[in-house]
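This report describes the fold of a single protein chain for a reader at the bench. The sequence and the model are shown first, and the description follows.

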Amino acid sequence: MKIIEQVIAINRVKCTKCGDIIESVHGHDFRSCSCGAISVDGGHNYLRRVGDINGYIEMSGYGYEERIVTPGMEEHYKKEAILNNFKIIED
Ligand SMILES: [Zn+2]
């Protein structure tokens, strides 16, 4: 079985106070802007924002990745496909 999954390609914000653009590039890459108003974390795994949640412009972007489901996990993916960010492209 093959699926196409939506993934975080860029985890990045711009602080509206100091103008800094900060980016988290891996799971535990916690970055703060120079004025300290906003921080980003999570890399390509999740989008975590800490600080002034109204004080930044979101600049993140998504991409798509094709991957083969581990044998034995097909039924799990068939059930989850409705809820999650992927599509089954080959049964
Ligand atoms: Zn700032």
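## A buried valine and its surroundings

Val 40 counts as buried, because 26 C-beta neighbours lie inside 10 Å. The model discussed here is a predicted one. Val 40 is found in strand 5. Leaving out residues up to four places away in sequence, Val 40 touches Asn 11, Val 13, Ile 22, Glu 23, Ser 24, Arg 31, Arg 48 and Arg 49. One of these, Asn 11, is 29 residues from Val 40 in sequence, yet the two C-alpha atoms are 7.7 Å apart in space.

Val 40 also belongs to the largest nonpolar core, a set of seven residues that further includes Val 13, Cys 15, Ile 22, Cys 33, Ile 38 and Tyr 56. Strand 2 and strand 5 each contribute at least two residues to this core. In soluble globular proteins, nonpolar side chains tend to be buried together. Another core member, Cys 33, is in contact with Cys 15, Cys 18, Asp 20, Ile 22 and Ile 38, when its neighbours within four places in sequence are set aside.

## Overall architecture

The chain holds one helix and nine strands. Read from the N terminus, the elements follow the order β-β-β-β-β-β-β-β-α-β. The radius of gyration is 17 Å, well over the 12 Å that the globule rule gives for 91 residues, so the chain is more spread out than a compact globule. Along the principal axes, the C-alpha atoms fill a box of roughly 50 × 20 × 15 Å.

Buried residues make up 10% of the 91 residues. Among contacts with a separation of 6 or more, 52% join residues that are 24 or more positions apart.

## Two open sheets

Strands 4, 5 and 6 form an open sheet in the order 4-5-6, with antiparallel pairing. Strand 4 (31-32) and strand 6 (48-51) stand at the edges with a single partner strand each, so one side of each has no neighbour in the sheet. Strand 5 covers residues 38-41 and is joined to strand 6 by four bridges. Within this pair, Ser 39 stands opposite Val 50 of strand 6. Strand 5 and strand 6 form a hairpin with six residues between them, and Gly 42 in the turn has a positive phi of about 110 degrees.

Another open sheet of three strands has the order 3-2-7, and its pairing is antiparallel. Its edges are strand 3 (21-23) and strand 7 (56-58); each has a single partner strand, so one side of each is left without a neighbour in the sheet. From one strand to the next, the twist averages 30 degrees. Three bridges join strand 2, residues 12-15, to strand 3. In this pair, Lys 14 stands opposite Ile 21 of strand 3.

## Pairings of strand 1

Which strands pair with strand 1 in the antiparallel sense? Strand 1 (residues 2-10) pairs with strand 8 (residues 61-68) over eight bridges, and with strand 9 (residues 86-90) over four bridges. Glu 5 stands opposite Glu 65 in strand 8, while Lys 2 stands opposite Glu 90 in strand 9.

The table lists the antiparallel pairs for which bridges and a facing residue pair have been described.

| Strand pair | Bridges | Residues standing opposite |
|---|---|---|
| Strand 1 and strand 8 | Eight bridges | Glu 5 and Glu 65 |
| Strand 1 and strand 9 | Four bridges | Lys 2 and Glu 90 |
| Strand 2 and strand 3 | Three bridges | Lys 14 and Ile 21 |
| Strand 5 and strand 6 | Four bridges | Ser 39 and Val 50 |

## The helix and an exposed residue

Helix 1 spans residues 74-80 and includes Glu 80. Is Glu 80 buried or exposed? Glu 80 is exposed, because 12 other C-beta atoms lie within 10 Å, and a residue with 12 or fewer is classed as exposed. Glu 80 and Lys 17 are 63 residues apart along the chain, and their C-alpha atoms are separated by 40 Å.

How values were computed
Residues numbered from 1 in each chain as written. Predicted model: local features only at pLDDT ≥ 70, side-chain atom pairs only at ≥ 80, totals over all residues. Pairing = 2+ DSSP bridges. Axes fitted to C-alpha atoms, helices over the stretch in contact; angles between N-to-C directions. Core = buried A, V, L, I, M, F, W, Y, C linked by C-beta atoms within 7 Å. Buried ≥ 20, exposed ≤ 12 C-beta atoms within 10 Å, placed from the backbone. Contact = placed C-beta atoms within 7 Å. Rg over C-alpha atoms; globule rule 2.2 N^0.38 Å.
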